[in-house]
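Could you walk me through this structure in my viewer? I would like to know what to select at each stop and what I will find there.

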Amino acid sequence: MVFSSPIFLFAFLPVFLLVYYLTPFRGRSYIILGASYLFYAWWRPDYLLLFVALTSWNYFLGMQIAHKSQATARRWLQLGVVSNVATLCYFKYTNFGITNLNVILESMGSKPMPLAEIILPIGISFYLFHCISYLVDIYRKDAQPVRRFADFAAFIALFPQLVAGPILRYKDLDPQFHAREH
């Protein structure tokens, strides 16, 4: 779904806003999350499973960072950063690496490797950098870890910024999970 499409402007957005403002405060993160996942799944429902898995993984990492000693928390943070960057590299650079390797193989007279059939998920860079931002904020104790999974998932998957950014710092949005003004 594209922000300028009629389905978004005249159906998705008005329905989202109506449901959001009719929902009590405690349920609004669920509305944001549901709308964000629907917005994303509109393009590729199969990649929604990837995003749910990445969200769950980073929520778990955040809890580990928050409840461990500084030295142990640092290792959990390192694992989080490495796993998120590795995921991003897989989707963005696998075929780049294979292409360059094929140049070398072909120059040596070897048969080239086939390119992987990898489609880059829309917004994965923003998604993963949001996750890293959250983990760093928790590690630095700039913010407390989110209590509810739905709040964390809504922060990570927020559809208006998922595709085009900006990358938000969790510490700046943390208070809005407790009270919001519009």
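Start with the second largest pocket, which has a volume of about 160 Å³. Keep in mind as you go that this is a predicted model. To display the pocket's lining, select Phe25, Arg26, Gln144, Pro145, Val146, Arg147, Arg148, Asp151, Tyr170, Asp174, Phe177 and His178. Colour them by class and you will find five nonpolar, two polar and five charged residues.

Now move to the largest pocket, which holds about 320 Å³ of space. Its lining has 17 residues, and those nearest the centre are Tyr20, Ile32, Leu158, Gln176 and Arg180. Which elements give two or more residues to this lining? They are α1 (6–22), α6 and α7 (159–162). Select α1 to see the largest share, four residues. Try the same class colouring here: 13 of the lining residues are nonpolar, two are polar and two are charged.

Next, keep Tyr170 from the lining of the second largest pocket and add Tyr127 and Tyr134. These three tyrosines have the most contacts inside the largest nonpolar core, a set of 37 residues. To see where the core comes from, show α2 (28–41), α3 (45–66), α4 (70–107), α5 (124–139), α6 (149–157) and α8 (170–173), each of which supplies at least two of its residues. The largest share is from α5, with ten residues.

Zoom in on Tyr134. Leaving aside residues up to four places away in sequence, Tyr134 touches Asn58, Gly62, Pro145, Val146, Phe152, Phe155 and Tyr170. Of these partners, Pro145, Val146 and Tyr170 will be familiar, since they also line the second largest pocket.

A second, separate core is worth a look too. It has nine residues, and you can pick it out by selecting Phe8, Phe12, Phe39 and Phe159, which are among them.

Finish with a walk along α4. Its buried residues are Ala73, Leu77, Gly80, Ser83, Asn84, Thr87, Leu88, Phe91, Ile98, Asn102 and Leu105. Look at the spacing along the helix as you click through them: an α-helix has 3.6 residues a turn, so residues three or four places apart point the same way. What do the buried residues of α4 pack against? Show α3 and α5 to see their packing partners.

Where is the kink in α4 centred? Select Tyr93, where the helix has a kink of about 55 degrees. Then step just past the end of α4 to Gly109, which takes a positive phi of about 85 degrees.

Note on methods
Residues are numbered from 1 along each chain as its sequence is written. This is a predicted model: local features need pLDDT of at least 70, side-chain atom pairs count only at pLDDT 80 or more; totals for chains, interfaces and linings use all residues. Side-chain values use heavy atoms; hydrogens and water are left out. A nonpolar core is a set of buried Ala, Val, Leu, Ile, Met, Phe, Trp, Tyr and Cys residues joined through side-chain atoms within 4.5 Å. Buried means under 20% relative accessible area, exposed over 50%, partly exposed in between (1.4 Å probe, protein chains only). Contact means heavy atoms within 4.5 Å. The bend at a residue is the angle between axes fitted to the seven residues ending there and the seven starting there. On a 1 Å grid over the protein atoms alone, a cavity is a set of points where a 1.4 Å probe fits but cannot get out, and a pocket is an open set with protein on both sides within 12 Å along at least five of seven lines; lining residues have an atom within 4 Å of a point. Grid points are joined across faces, edges and corners, and a volume is the space filled by probe spheres set on the points. Ala, Val, Leu, Ile, Met, Phe, Trp, Tyr, Cys and Pro count as nonpolar, Asp, Glu, Lys and Arg as charged, and the others, Gly among them, as polar.
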